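Reader: I should like to learn how to read the packing of helices and the pockets of a protein model. May we work through one example together?

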Amino acid sequence: MGWLSRPPALGPGIANSVIAYERGVRSIDGSLCALWAGAGNSSTEMLAAVFDRLGVDTGLDVAALMDAARRWCRAR
């Protein structure tokens, strides 16, 4: 139990990723701007921002990811 069946504010992919992390998972899939993401996958930049806000050190530069996502999505 613990997996969400209805979307919270940031979507079920983010919520399920947080739950998975809390249960010991240390590798979580995402994609920039959620492009080419499979069912339930989340954007890397949002995952990084949420985990940063939760105090989890991901080793990712959230500001750089957000900037890259803005530039990439704008170019598409």
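**The pocket and the helices around it**

Author: The model before us is predicted. Let us begin with the pocket: the lining of the largest pocket consists of seven nonpolar, four polar and two charged residues.

Reader: Which residues lie nearest the centre of the largest pocket?

Author: Of the 13 residues that line the largest pocket, Arg 26, Ile 28, Phe 51, Thr 58 and Leu 60 lie nearest its centre. The volume of this pocket is about 210 Å³.

Reader: Which element gives the largest share of the lining?

Author: Helix 2 does, with four residues. Let us therefore turn to its partners, where one reads an angle, a distance and then a handedness.

Reader: At what angle do helix 1 and helix 2 pack?

Author: Helix 1, residues 12–22, and helix 2, residues 44–53, pack at about 50 degrees, and their axes are 11 Å apart. Angles from 35 to 65 degrees fall in the oblique class, so helix 1 is oblique to helix 2. Their crossing is right-handed.

Reader: Which residues make this contact?

Author: Helix 1 contributes Ile 14, Ser 17, Val 18 and Tyr 21, while helix 2 contributes Met 46, Leu 47, Val 50 and Phe 51. Seven of these residues are nonpolar, one is polar and none is charged. Phe 51 belongs to this contact and is also one of the residues nearest the centre of the largest pocket.

Reader: How are helix 2 and helix 3 oriented to each other?

Author: Their axes cross at roughly 155 degrees and come within 9 Å, helix 3 being residues 62–75. An angle over 145 degrees counts as roughly antiparallel, and helix 2 and helix 3 are therefore roughly antiparallel to each other. Here the crossing is left-handed.

Reader: Which residues meet there?

Author: From helix 2, Thr 44, Glu 45, Met 46, Ala 48, Ala 49 and Asp 52 meet Val 62, Leu 65, Met 66 and Ala 69 of helix 3. This contact comprises seven nonpolar residues, one polar and two charged.

Note on methods. Residues numbered from 1 in each chain as written. Predicted model: local features only at pLDDT ≥ 70, side-chain atom pairs only at ≥ 80, totals over all residues. Heavy atoms only, no water. Axes fitted to C-alpha atoms, helices over the stretch in contact; angles between N-to-C directions. Helix = DSSP H or I, 4+ residues; strand = E, 2+ residues; numbered from the N terminus. Parallel < 35°, antiparallel > 145°, perpendicular 65-115°, else oblique. Left-handed = near helix turned anticlockwise from the far one by under 90°. Contact = heavy atoms within 4.5 Å. Nonpolar A, V, L, I, M, F, W, Y, C, P; charged D, E, K, R; others polar. 1 Å grid on protein atoms, 1.4 Å probe; cavity = no way out; pocket = protein on both sides within 12 Å on 5 of 7 lines; lining within 4 Å. Points joined across faces, edges and corners; volume = space filled by probe spheres on them.
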